[in-house]
Amino acid sequence: MKHSYYSSIQNRILLSMILVPFFPLFLSLAMGYYYFTNSLSTSTIESLKRIVTDHRQMIESFLLERTADLEFILNAYSYDELSRPEYLSDVFRNLQARSAAFVDLGVFDQEGNHVAYEGPYELKWKNYGRETWFQRAISEGLYISDIFLGYRKVPHFIIAVSKDQSDGRWAIRATIDTQFFSRLVEGVRIGRTGEAYLLNSEGVLQTQPRSGRDLMQKPVDRIEYPEGLNDIHAYVAPDATGEEYLYATAWLKDKEWLLVIRKEKADAFRSLRAATYGIFVISLLGLGAIVTVAFIVSGRIVQRMQETDTEKESLNQQLIRAQRLAELGEMAAGFAHEINNPLQIIRSEQALIDMNMSELTSSGALKPSESLAEIEDSMSQIKLQIDRCAGITQAILKFGRQSDPQMRDVDLKAFIPQVVAMVSKKASVNGIEIIQEIAENTPPVHGDPGQLQQVLVNLFNNAMDAVMDLHGPSGGSIAIQAGAGDDKRTRIVVRDNGCGIDAENIKKIFSPFFTTKPVGRGTGLGLAVCYGIINTLGGTMDVDSTPGGGSTFTISLPSSASSSPPKQ
């Protein structure tokens, strides 16, 4: 019945300890996960946008530098100079020294005739007058083309610049190495799956993506365009295989080219996935810790409840025994009082018999004889035993008398031997030697003799029990010392060579109802009462003990000359 009762309590405590912290933990983790993932997602997208911005600036810088190289040549040399093949060859070598991106260099007159050419193809004297690139270069002064085939039937793009002269405009044109430019565009590395490529305004590939498709083809990706010239548009869309990608797009060349950077969504948000796993693991660990702590704590709480209930039952039993002992003490005092009356009558009759025998002996009625001597010895023995019984009954009455404390000076030099006499018979029967070491200069103390007697008798009884537990009926000794202490105090020490007290029990030795004795041999009240008595008298009681090495109880009381009024 009790087991199910405690199990029910433990289950309720366990459930409360798990559920109460679980909901705040769950809410905290959920909110943390939401804000953290949102922040991380935003951070990932912003990071991709920064990469697009940087890559766009790098491509535009490349085109501007190559354009600046051609404009420098256009302004540094005349049409006639560049029209000479050997001169153009030197200029082209210098141009390639500046950048390996240049494939060839050509000079065109106002009609579009290719008057001079330095490069790997046979393009001299080809006419480009009807070509879009030539017309725009002549009219606008600068033109960067899309990828096209042209006469060479190879995908390429060109940069052309033009200049006025006396008889019309002329132009120079350079072809940019497509592979070089593609490597430049594709050079961005974003994780494991990131790639970049360019499209023209019609959605045709200007560089070759790493994931496939050739130049001048349209990609299979779903491309979304940014609204403004300087805007960057980020979005998530599936590719042809259904794999989701994170895209970012930005315009170049006044919306003639579109820079596309993409990355697998799983790769882009890998840190987010790792954070999710981390939060999940933390949640499991936190829940596991809560459950573990709940099991341990609830078990300890229930165990403590069981111990408390057990102690409560033990205390109730000890209170019952203490009440019985108190009643027994009252009965013993009553018995002593009742025995004392017949003793007084016996003492009177013994005195009368002794007086009559003395008169008869003096008058000669009783002649001295061996029988008379034996009778006189018997009468002396009767008187001795009557006095002894009277002393015992008086001690019982004095010890058990319940009255208000009678505070007075107590001379320990006379008081301690009286207390020792009360317990000496029990000590001698059990083979225990009591040693008294009372200094002549022992100051008196101010207190109630009955209470001091109770304290010392209790210490003696405890000491005898400890000695008998270790030594049996022989070999035990108890020493009581008294003398002057420090600061006008009197010191009383009771030392035994008994079984001692372990360190754990010493902490509780003065607690009410705590006892190390077997059931039926102690109530646990003796030392607690003694400690209270000494404290009431303004003193202290300390204990020093080691298991198997005996115990030493030290009492320090104010000497009567310096004692303060007793505590009420």
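In this predicted model, strand β14, spanning residues 489-496, runs antiparallel to β16, and the two are joined by seven bridges. At one point of this pairing, Arg-489 stands opposite Pro-558 of β16. Strand β16 also has β15 as a partner: β15, made up of residues 540-545, pairs with β16 in the antiparallel sense through six bridges. Here Thr-540 is found opposite Ser-556 of β16. The connection between β15 and β16 is a hairpin in which five residues lie between the strands. Within that turn, Gly-548 adopts a positive phi of about 80°.

With these partners in view, the surroundings of β16 itself deserve a look. The strand covers residues 551-558, and eight of its eight residues are buried, leaving it mostly covered. This cover extends to both faces of β16. On one side, Ser-551, Phe-553, Ile-555 and Leu-557 are buried; on the other, Thr-552, Thr-554, Ser-556 and Pro-558 are buried as well. Two of these residues also appear in the pairings described above, with Pro-558 facing Arg-489 and Ser-556 facing Thr-540.

A further feature concerns the surface. Phe-280, Val-281, Leu-284 and Leu-285 form a nonpolar patch there, and together they contribute about 410 Å² of accessible area. Of this group, Leu-284 belongs to helix α7, which comprises residues 270-363. The relative accessible area of Leu-284 is 48%, so this residue counts as partly exposed.

How values were computed
Residues numbered from 1 in each chain as written. Predicted model: local features only at pLDDT ≥ 70, side-chain atom pairs only at ≥ 80, totals over all residues. Heavy atoms only, no water. Patch = residues over 30% accessible without salt bridge, like charges linked within 9 Å, V, L, I, M, F, W, Y side chains within 5 Å. Areas by Shrake-Rupley, 256 points an atom, 1.4 Å probe, with all protein chains shown as cover. Salt bridge = Lys/Arg side-chain N within 4 Å of Asp/Glu carboxyl O. Helix = DSSP H or I, 4+ residues; strand = E, 2+ residues; numbered from the N terminus. Buried < 20%, exposed > 50% of the residue type's maximum accessible area, 1.4 Å probe, protein only. Pairing = 2+ DSSP bridges.
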